[in-house]
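Visitor: I should be grateful for a close look at one part of this model, with the backbone as the point of departure. Please then relate that part to the other features that deserve a biochemist's attention.

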Amino acid sequence: MSASAGRTAAWPSTIAGARDALDALRLSAVDLLAACARRLDVDHALCRAFVGSDASREAILRRAVADARASDGRRGGVGEERARGALDGVPFAAKDNLCASAGTTEAGSRMLRGYESPVEATAIARIRALGGVMMGKTNMDEFGMGSHTRTGASGTTTNPTSSGGARSAGGSSGGSAAAVANGTVFYALGSDTGGSVRLPAAYCGVVGLKPTYGRVSRFGLVSYCSSLDTVGVLTRTVGDAGIVLAAMQGEDALDSTTVTRCEDLDAAALEYSTEALVNASSTSLKGVRVGVPEEYAVKELSQEVYDAWDETVRTMEALGAEIVRVNLPHTKDALPCYYIIAPAEASSNLARYDGMRYGDLTADLSREEYLREDFQRAIARARSLGFGPEVRRRITVGAFALSSERAAEYFDKAQKVRRLVSNDFTDAFKRVDVLVTPSSVSTAPKLEDIEALSPAQSYAADVMTVPSSLAGLPAMSVPFGRSRVSGLPIGIQFIAPRFKEASLVRVGARLERARARSYSTSTSDALDARGEAVTARRDELIALISTPDAPIDRVIEANKELSRLEPLVSQYAVVKALRNEKASLEELTRSDEKDIADIAREELRELTEDLPEQEHNLRVLFLPRDEADDRGAILEVRAGAGGDEAALFAAELFRMYALHARKRGWRFETLNVAETDGKGVREASAEVLGDGVYGRLKFESGVHRVQRVPETETQGRVHTSTASVAVLPHAEEVEMNIRDEDVRIETMRASGAGGQHVNTTNSAVRLTHVPTGITVAIQDERSQHKNKAKAFSVLKSRLYELEREKLASERSELRSSLIGTGDRSEKVRTYNFPQGRVKDHRVNETTIGDIKGFMDGFLLDDLIDALKAKETEDLLGRGNA
Ligand code: GLN
């Protein structure tokens with residue numbers, strides 16, 4: 001049965017896309033599996049990414065079919081069960097050193113030939129529990145020892161992205177990288193001890209994410225170097241990598257080095273879990289501090305990789321990141337250190353292979369023969385038969401480094417160097433959030449050139465990846481363009497502090513998204529179309545104004561519109577001029593006269609930096625405006641949870657807004673204050689008038705939280721109390737027709753603190769709007785007449801807001817998720833008095849260190865500016881430009 005029959009939607013290439021197709025029942029999981037499985041033959045002819053005997057492959061595929069059918073049953077089926085998230089029904093592959101309970105697990109070694117694991121690796125098991133469909137095992141270097149997927153018993157995997165001459169797919173997870181790059185599976189699991197996920201990702205042009213040591217359980221992963229081994233993932237997009245990592249992460253009783261799951265990583269994964277979300281995701285790197293370690297500019301680094309690295313940094317800067325030069329002085333010691341520690345641990349880990357357990361050497365060594373021999377000699381024979389030359393070399397080196405005569409000189413020293421390398425990162429991460437380096441010194445080398453290298457020379461391929469492995473840090477390779485000479489992909493590495501995979505995912509995805517956008521001409525076409533449209537409109541208006549007999553009210557209207565359009569028209573003119581200049585400079589760079597070409601190139605470089613910024617400014621100008629932003633506002637503050645303390649806080653907040661309004665030159669008129677016994681208020685409202693008041697104060701709506709020792713308490717325990725703030729656009733100037741018969745008016749005596757009556761006439765007014773049930777009570781003024789006028793003003797604003805909310809929920813997808821939904825029950829800010837700071841939860845936890853200055857109304861602008869900037873970015877990110 002094929003759900004795809006007759007549909008023409010594009011075949012998905014990412015997990016998010018596959019998920020959308022499955023959810024929409026455009027494709028079934030069986031369809032997806034069938035198409036991927038058909039590609040296995042192509043894969044075999046192309047690059048041999050997959051391994052296993054026919055029997056093993058078939059066992060895996062048979063289980064995959066059952067898994068895919070079960071997944072289809074969860075989507076659109078008649079059963080009770082629901083789909084289990086983004087991975088449900090999506091085919092993947094796993095590196096052959098991850099134990100699976102179907103097929104064999106050979107880890108590229110003859111020693112493990114035919115080995116059928118009784119257990120399934122936690123990483124695979126968790127993905128399958130979420131509905132993931134494992135459809136094959138991928139090739140690797142023997143036990144993960146190598147950088148080119150050529151030391152394994154199943155032979156070499158070649159790079160699917162290269163045509164001219166066989167190139168390295170990278171290693172040791174080269175099979176996984178090739179399988180993702182050549183389109184056979186949507187993602188593949190790999191392992192990364194010193195770069196085995198990142199290097200093949202870079203060579204094959206896919207994303208490779210290696211988590212923090214301890215993030216993903218190693219249970220069921222064939223051990224190479226236990227203190228460095230991690231399970232990682234290869235995908236086509238950064239967001240997809242986040243999805244898979246989130247599925248695998250978390251504590252596992254079967255691996256004592258694992259840690260509890262990171263909720264922020266789950267959240268980051270969700271942000272990219274459908275195509276719509278991906279398309280709407282932000283591209284801003286504002287507030288991100290990016291470190292560029294100069295020690296990575298090694299002399300072996302090829303020019304094209306260096307240029308891509310440089311361009312990455314400049315792109316990140318253009319997206320708002322702060323670029324910081326940092327030093328990691330022990331970088332050069334990392335490679336030799338790694339090549340002592342890894343073989344040392346390997347020699348001990350591999351001692352378990354004796355030819356008796358695990359694999360089956362009977363083809364080469366019969367049981368009788370084995371048993372007849374002297375025990376030690378039998379083991380030695382099995383090992384020389386079962387292990388390939390690279391593994392034997394590593395065991396020898398490792399045993400040497402661990403030997404009692406040499407351990408102090410090699411292994412112990414390497415451990416100390418490992419600590420120094422790790423400390424370098426700790427220091428750097430005091431100043432930056434993420435480091436950016438190349439993933440490899442060059443693009444994928446030719447396999448024939450690798451043959452010619454000595455082992456030590458070939459180890460140099462890992463120079464960019466081993467330092468972060470030694471420090472146990474999460475790191476990710478992201479494709480960043482291709483070589484202009486060979487067309488081969490180039491990978492850039494991002495390294496984050498321990499357990500900060502979520503920031504790796506977000507930073508990487510934003511960069512990836514920004515690049516995807518700048519490639520898609522459609523966005524700049526749309527921008528051009530709007531630029532042309534406003535320019536034409538401007539000309540029309542000018543023509544109208546200059547017509548001698550134009551009616552005066554039309555001229556006034558036209559003038560208004562003109563002054564609104566003018567900034568757009570002139571910014572578009574700037575962008576257009578820069579583009580023209582760019583085109584003519586590009587022409588000049590092809591000039592035969594070298595001087596002219598050089599100058600043109602230099603100018604082009606500057607221009608290339610300027611143009612994206614001016615285009616960005618233009619997009620900002622084109623953002624949809626909320627006409628209410630220009631209005632005044634009605635501000636309401638109410639005491640929330642926390643009794644007297646909440647009332648005191650509400651009073652202080654109200655005062656803060658009054659002071660802030662004064663500072664900005666706004667008129668602040670108190671409408672109503674309901675006091676409590678102490679110095680607090682239960683509820684207070686004001687009318688704030690001035691230019692663009694609502695556009696700024698609207699961000700204040702929500703729950704504000706205060707933490708401090710209540711003045712009424714002597715023992716000094718910190719309490720948390722809340723006050724809620726609501727800001728409504730002032731509706732005085734808009735048509736809000738309130739019908740008399742809809743309003744019930746009551747008058748009463750105003751009540752003061754403690755409930756005693758403060759005056760004897762019935763000056764307080766309460767309005768009830770019958771159709772909506774909204775009530776407004778005003779008692780501030782002594783005259784009933786004035787209170788009534790104020791009450792009507794508030795009622796109008798409430799009704800206006802109601803209208804707007806209706807409108808907004810119709811366009812709810814346009815509302816910014818980062819700013820908050822405008823839901824007033826949302827906790828927006830915390831005022832922490834013991835620590836003297838104010839923290840806003842909507843803008844990366846932006847913090848103001850001077851709480852006193854804040855409460856005096858001086859620093860609110862800082863937070864509002866940040867919130868406004870975020871709103872702009874968010875709107876831009878949602879494709880409204
Ligand atoms: N190329 C490195 C090695 O041979 C890294 C391999 C890996 O990460 N598994 O040890």
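**A loop and its setting**

Guide: Ser172 is found in the loop that runs between strand 3 and helix 5, the latter spanning residues 174–181. The model is a predicted one, and every value given here is computed from it. The peptide bond that joins Gly171 to Ser172 is cis, with an omega of about 10°. In general, most peptide bonds are trans, and most residues other than glycine have a negative phi. The second of these tendencies also has an exception here: Arg48, which is not a glycine, has a positive phi of about 55°. Arg48 is likewise a loop residue, placed between helix 2 (29–46) and strand 1 (50–51).

Strand 3, from which the description of the Ser172 loop began, also takes part in a salt bridge. The side chains of Lys137 and Asp96 meet there, with an N to O distance of 3.1 Å. Lys137 belongs to strand 3 (residues 133–138), whereas Asp96 sits in the loop between strand 2 (91–95) and helix 4 (122–129), so this pair ties together parts that lie 41 residues apart in sequence. Side chains of opposite charge can pair when their charged atoms come close. The structure holds 53 salt bridges.

The ligand site completes the picture. The ligand is surrounded by 15 residues, of which Thr193, Gly194, Ser196, Tyr224 and Tyr338 are the closest. By class, this shell comprises 4 nonpolar, 8 polar and 3 charged residues. Several polar atoms face the ligand directly. Gly194 contributes a polar backbone atom 2.6 Å from a ligand oxygen, and Tyr338 a polar side-chain atom 2.7 Å from an oxygen atom of the ligand. Ser147 places a polar side-chain atom 2.8 Å from a ligand nitrogen. On its own, the ligand has 290 Å² of accessible area, and the protein covers 100% of that area. The space that the ligand takes is the largest cavity.

Methods:
Residues are numbered from 1 along each chain as its sequence is written. This is a predicted model: local features need pLDDT of at least 70, side-chain atom pairs count only at pLDDT 80 or more; totals for chains, interfaces and linings use all residues. Side-chain values use heavy atoms; hydrogens and water are left out. A residue is near a molecule or strand if one of its heavy atoms lies within 4 Å of it. A polar contact is a pair of N or O atoms within 3.5 Å; within protein, one must be able to donate a hydrogen and the other to accept it, and residues adjacent in sequence count only if both atoms are side-chain atoms. Accessible areas come from the Shrake-Rupley method with a 1.4 Å probe; for residues, only the protein chains shown count as cover. On a 1 Å grid over the protein atoms alone, a cavity is a set of points where a 1.4 Å probe fits but cannot get out, and a pocket is an open set with protein on both sides within 12 Å along at least five of seven lines; lining residues have an atom within 4 Å of a point. A molecule sits in a cavity or pocket if more than half of its atoms lie within 2 Å of its grid points. Ala, Val, Leu, Ile, Met, Phe, Trp, Tyr, Cys and Pro count as nonpolar, Asp, Glu, Lys and Arg as charged, and the others, Gly among them, as polar. A salt bridge is a side-chain nitrogen of Lys or Arg within 4 Å of a carboxyl oxygen of Asp or Glu. Helices (H or I, at least four residues) and strands (E, at least two) are DSSP runs, numbered from the N terminus.
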